[in-house]
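Colleague: I'm new to reading protein models. Could we look at one together, a few spots at a time?

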Amino acid sequence: MADTGKRTILQFAPFQSSIDEGFWHKLCSLKLNKFRLDESPIPITGFYAPCSHPQVSNHLTLLSESLPAESDEEPSSLLAQGNRNRCPVPGILLNTNTLESFYALDKQSLLKAEAKKIRDGIYSGKVEEDSSVLIRFLVISFADLKKWSFHYWFAFPALVLDPPAALVNLKPASRCFTSEEAESLSRACNEWRSTSSTADMPFFLVSIGSSSIVTLRHIREWEACQNNGQKVLFGFYDPCHLPSNPGWPLRNYLAYICSRWGVEKVHFFCYRENRGFADLGLSLVGEADISLSQDWRNHQNMRNVVGWELNKGKKVPRCISLAKTMDPTRLAVSAADLNLKLMRWRTLPSLNLDLLASTKCLLLGAGTLGCQVARMLMAWGVRNITLVDSGKVSMSNPIRQSLYVLDDCLNGGKFKATAAVESLKRIFPAVEAEGVVMAIPMPGHPVPSQEETNILQDCRHLCDLINSHDAIFLLTDTRESRWLPSLLCASANKITITAALGFDSFLVMRHGAGPVDALRNSQAETSNNLSASMENLSLSSQNESQRLGCYFCNDVVAPIDSTANRTLDQQCTVTRPGLAPIASALAVELLVGVLHHPSGIYAKAEFANSNDNGSTEQPLGILPHQIRGSLSQFSQMTLVGHASTCCTACCSTVVSEYQTKGMDFILQAINHPTYLEDLTGLTELMKSVGSFTLGWDNDSENDDDDDDCVEI
């Protein structure tokens, strides 16, 4: 309290703020997923309660429930009416996009704008409906989503009385009432606080009858109390614990009392508690004289306003960092998702991160390509990755294969599938990665009878893996090792991406959907006459030509053993070092494109500057079938190849034969080199082509006669 001449100015204890960590976490989520670049004011709700300790004031608190619900959330139960420990207070949050914008805000104008809402609520009668508008608040903030640091500043707008209110007296409530009145007041307060309809109502009237009976009433009943000739005190929930100062909510309460009811001698009751019950020894009763100037009474004029919260006695914002308190795994997940979520702010609002996170990817091969693809998948937000490889990490691997280090090579080397998974989890602990040590059975590599059981078990395991995943990457280093996965993917109709490397060239392609007519057309595809064979070679079948081809559709021979009798440079994957990262990145981008395309696996091949790409271009750009690149020429081209009716991996004949005979068919294909060629008609085709001759007419005089020409 301050003395000015003969007047003692009534002074108020400032409101203090407290922000729960969950508030910042939810703000980050809303900023990334909902608000994005929008800087519009955000309605929020703060909570406070009467002081409940003789030495500690209560704060106005922000919780995660203070913010608007996200689209998939239900309204919080804490916002329900009647929570005695959570008196709701309306507020506004202004969250800027940059730190510079935060500091450039016109803080005084913002404060006056919020104070005007309080003043308008006083004169419009809104305060009688919801008295909490008298203590509305403002928060300005900047959230640094990369560093998990937050700059913020609270304001509790208060209308400054002119001249200031004079304090006549202020003392503990226990000294202001008779014992009967004190007992009745305590009982009335406890009942008010225990009733759901009034427990969170911060402003009220204390009516004392002639028979010492105390009743608590709504502030809208002031006139009724006056007519009864009762003694009335203006009560409020006081968050302050100080014995000589009322709390901040009284400031606007006095402005309301004087402006609305014309009262100039105000008796007020600062309600405080102890262990959840009324404590009249801690509560205060005071009297204030108010004599407002005529100019102040003109509600068209905006009065002086105060309310910015001090930070250690200075008018400066606060800053908090949550990075050190967060679980490292959660922090890693947040940081990893940040770049992807920022894509949706401007460039890719339709990016489906939930789809990417839930897509299960199977990587066949954990070498140079497999390591790069795994990391690229994680960068795109894929969280479920399985790697299959039977090899071990050798001394030459770590320099080219990014998931391995020297320690993985020691003592004979760790299995690549195991070491790769360990590395992925060190890089990103939240990834759900699994390593499977298994060799892929291959045609052209005959199986001894004593090993057939193990080979068939591997085949079944591979089939189960493909069926349980959404997308399969073929990243092995031999052609024949891709055959069985290509067949199984065609049969299961799985998204399949192939990446293959040469010395300075690469191929990245997506396989087409599996043949839906595998059983119906199996016989039609094996016609042994010349014309039918030529039609097969030119992919003229109406059914198959609509389907994109697989890795084997351009071949006219079945896959054979490509590892036998090879020199050292042929045994190793000798490629230019920059090739694998390029091919791996394109392979993953191709998968992301397929996942986001409306047609998915059935999407047609698209080309740049083509009119056949659909009515609208997809946000991620075109979706090609094949990408072939050359480092020596620094060039890249997109091609399309339709499904071949003679393909040894995905044609209807092969797929239907596998679906009919199962593992017996796979054993036949592995042990007999010509089995697949005989089955698909390639053998007859090659014989027919070998015996086919063309007749040439060299007579220049008959150039116009085309009867002897044959068009192929």
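**A walk through a predicted model**

Modeller: Sure, and keep in mind that this is a predicted model. Let's start with a side-chain pair: Tyr602 and Asn493 are joined by a polar contact of 2.8 Å between their side chains.

Colleague: Okay, so is Tyr602 buried or exposed?

Modeller: Tyr602 sits in the loop between α18 and β25. Its relative accessible area is 51%. The cut-off for exposed is over 50%, so Tyr602 counts as exposed.

Colleague: Which residues does Tyr602 touch, not counting those up to four places away in sequence?

Modeller: One of them you've met already, since Asn493 shares that polar contact with the Tyr602 side chain. There's also Gly512, 90 residues from Tyr602 in sequence, with 6.9 Å between their C-alpha atoms. As for touching, the residues for Tyr602 are Asn493 and Ala513.

Colleague: Let's hop to Gln626. Is Gln626 buried or exposed?

Modeller: Gln626 belongs to strand β25, residues 626-630. Its relative accessibility is 4%, and anything under 20% counts as buried. So the word for Gln626 is buried.

Colleague: And which side chain does the side chain of Gln626 join in a polar contact?

Modeller: Gln626 has plenty of contacts beyond four places in sequence, including Leu507, Asn554 and Met637. The polar contact between side chains is 3.3 Å long. Its partner there is Arg628.

Colleague: Now some helices. How do α13 and α14 lie, oblique or roughly parallel?

Modeller: Helix α13 covers residues 452-467 and helix α14 covers residues 483-492; their axes come within 10 Å and cross at roughly 45°. Because of that angle, α13 is described as oblique to α14.

Colleague: How many of the residues in the contact of α13 with α14 are nonpolar?

Modeller: From α13 we have Cys459, Leu462, Cys463, Ile466 and Asn467, and they meet Leu484, Pro485, Leu488, Cys489 and Ala492 of α14. One residue is polar and no residue is charged. The nonpolar count is nine.

Colleague: Last stop, Ser186. How far apart in space are Ser186 and Ala278, C-alpha to C-alpha?

Modeller: Ser186 is found in helix α5, residues 179-194, and at 18% relative accessible area it's buried. Leaving aside neighbours within four places in sequence, Ser186 is in contact with Ala278 and Leu280. Along the chain, Ser186 and Ala278 are 92 residues apart. In space, C-alpha to C-alpha, the separation is 5.6 Å.

Note on methods:
Residues numbered from 1 in each chain as written. Predicted model: local features only at pLDDT ≥ 70, side-chain atom pairs only at ≥ 80, totals over all residues. Heavy atoms only, no water. Helix = DSSP H or I, 4+ residues; strand = E, 2+ residues; numbered from the N terminus. Buried < 20%, exposed > 50% of the residue type's maximum accessible area, 1.4 Å probe, protein only. Polar contact = N/O pair within 3.5 Å; in protein donor to acceptor, adjacent residues only side chain to side chain. Contact = heavy atoms within 4.5 Å. Axes fitted to C-alpha atoms, helices over the stretch in contact; angles between N-to-C directions. Parallel < 35°, antiparallel > 145°, perpendicular 65-115°, else oblique. Nonpolar A, V, L, I, M, F, W, Y, C, P; charged D, E, K, R; others polar.
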